[in-house]
Amino acid sequence: MIPYGKHNIDDADIAAVVDVLKNEFLTQGKQVPAFERALCEYTGASHAVAVNSGTSGLHIACLAAGIEAGDIVWTVPNSFAASANCALYCGASVDFVDIDPDTRNLSPALLQEKLHHAAKQKALPKALVVVHFAGSSCDMRQIADIVKPYNITLIEDGAHALGGEDFDGNKIGGSNCSSMTVLSFHPVKSITTAEGGAVLTNHADLAQKLRLYASHGITREKELLPAGHSDEAWYYAQQCLGYNYRLSDLHAALGLAQLKRLDSFIHARRKKAEYYHKALAELPVIRPPGNIRSAWHLYVIELLHHDRKQVFEALRNAGIGVNVHYIPIHWHPYYQKLGFAQGQYPASEKYYQRAITLPLYAELTADMQDEVIRQLKEVLM
Ligand SMILES: *Cc1c(COP(=O)(O)O)cnc(C)c1O
């Protein structure tokens, strides 16, 4: 089976992890800060806080944004459930803004309209989590302009997008349009640490909060200690209710080694996406927007005439590990119990019903990709 996504591990990655195993610190050593610095250098962000998953990153981003019970957070239905769950972890409620079917990302027009209504009803969100679906950036400048009058914290779920750029050519995570950007290093993402993630920000105050929430709410930083304790070498102070979301040094060492090859991974993904784009031109499918700045996490086609279930099964039976991204979040039974219903976000729903994700990753060989194309043509023609 040709999988839809896959990590790429080389000897340098292995050596980096083994090296940590032979050294003194498995966690809380030098690898994590080094990885954080490298993430800042790559993206242009001022601060990076490494965590043990993208999901943890989304949670502490919401906490740092001050999200609590009674607050409202908006995101898009066309994402992984974690983009919405983070708000629920904080006791807030979630609502959704539908996507633009052309970009498959949050629709700025619908956002504007929904904000207008929410303002009248005094039910404005405190934060908006935007998702750069498949690695293709949202129009961040436009979205930032739209939310500006409403005092909303803008959080980028950049789990798909490390290595990609926004419309202005800034690396994802480095721009000033949002307050924080969350990354994931799950094996199918741009780079991997097995499990892992990070939150990037240009704001020192948010970085400080993120660090607290990721490590029990406990600090040893002298300037944060209560009066009278700053000269006690043993002293540490819990300032808020935090979690243990730390990344270990083993994982950080892998991330640091992987980051050196990120540009080559993105280059390979872009080439392969371009190859699909040309090869599938004559098929009765909608191809993804051909964005040259995208990190190309996913290559998703929409079937124009064929039954998705039949095509999906035929391809799986032919050894092509196709997948579907995403079942709209509000369609999950858990979200239906919260009161959401099918039909509420028609663009995400129509997109979902026709979507099939084709294999795309750095290691996908030309022969494998040709086989995917051949099988797809056979099923569709
Ligand atoms: C992968 C992913 C996450 C969660 O990341 P984990 O590291 O698996 O916790 C969040 N949002 C999106 C859009 C993702 O694709």
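Helices α10 and α13 cross with right-handed geometry. The model is predicted. Two packed helices are described by the angle between their axes and the distance between the axes. Here α10 covers residues 308–317 and α13 covers residues 366–380. Their axes come within 10 Å and cross at roughly 140°. That angle makes α10 oblique to α13, because only angles over 145 degrees count as roughly antiparallel.

Which residues of α10 and α13 make the contact? From α10 come Val311, Ala314 and Leu315. From α13 come Gln375, Leu376, Val379 and Leu380. By class, six of these residues are nonpolar and one is polar. Charged residues are absent from the contact.

Next, the sheet. Three strands form an open sheet in the order β10-β11-β12, and the pairing is antiparallel. Strands β10 (285–286) and β12 (355–358) are the edges, and each pairs on one side only. Strand β11 spans residues 299–303. Four bridges join β11 to β12. Within this pairing, tyrosine 299 stands opposite leucine 358 of β12.

Tyrosine 299 also has an aromatic partner. The model holds 12 aromatic pairs by the ring-centre rule. One of them joins tyrosine 276 and tyrosine 299. The ring centres are 4.8 Å apart, with 35° between the planes. This geometry is tilted. Why does the pair tie together parts that are apart in sequence? Tyrosine 276 lies in helix α9 (residues 262–279) and tyrosine 299 lies in strand β11, so the pair links parts 23 residues apart in sequence. Tyrosine 299 thus appears twice in this account: opposite leucine 358, and paired with tyrosine 276.

Two backbone features deserve a separate look. They are listed by site below.

| Site | Backbone feature | Location |
|---|---|---|
| Histidine 325 – tyrosine 326 | cis peptide bond, omega about 0° | tyrosine 326: loop between α10 and α11 (333–337) |
| Asparagine 151 | positive phi, about 60° | loop between α6 (140–147) and β5 (153–157) |

The cis peptide bond joins histidine 325 to tyrosine 326. Tyrosine 326 sits in the loop that leads from α10 to α11. Helix α10 is also the partner of α13 in the crossing described above. What is the sign of phi at asparagine 151? Phi is positive there, although asparagine 151 is not a glycine. This residue belongs to the loop between α6 and β5.

Methods:
Residues are numbered from 1 along each chain as its sequence is written. This is a predicted model: local features need pLDDT of at least 70, side-chain atom pairs count only at pLDDT 80 or more; totals for chains, interfaces and linings use all residues. Side-chain values use heavy atoms; hydrogens and water are left out. Two strands pair if DSSP finds at least two bridges between them. Helices (H or I, at least four residues) and strands (E, at least two) are DSSP runs, numbered from the N terminus. Axes are lines fitted to C-alpha atoms, for helices over the stretch in contact, and angles run from 0 to 180 degrees between N-to-C directions. Angles under 35 degrees count as roughly parallel, over 145 as roughly antiparallel, 65 to 115 as roughly perpendicular and the rest as oblique. A crossing is left-handed if the near helix is turned anticlockwise from the far one by less than a right angle, and right-handed if clockwise. Contact means heavy atoms within 4.5 Å. Ala, Val, Leu, Ile, Met, Phe, Trp, Tyr, Cys and Pro count as nonpolar, Asp, Glu, Lys and Arg as charged, and the others, Gly among them, as polar. Rings of Phe, Tyr and Trp (its six-membered ring) pair if their centres lie within 6.5 Å; planes under 30 degrees apart count as stacked, over 60 as edge-to-face and the rest as tilted.
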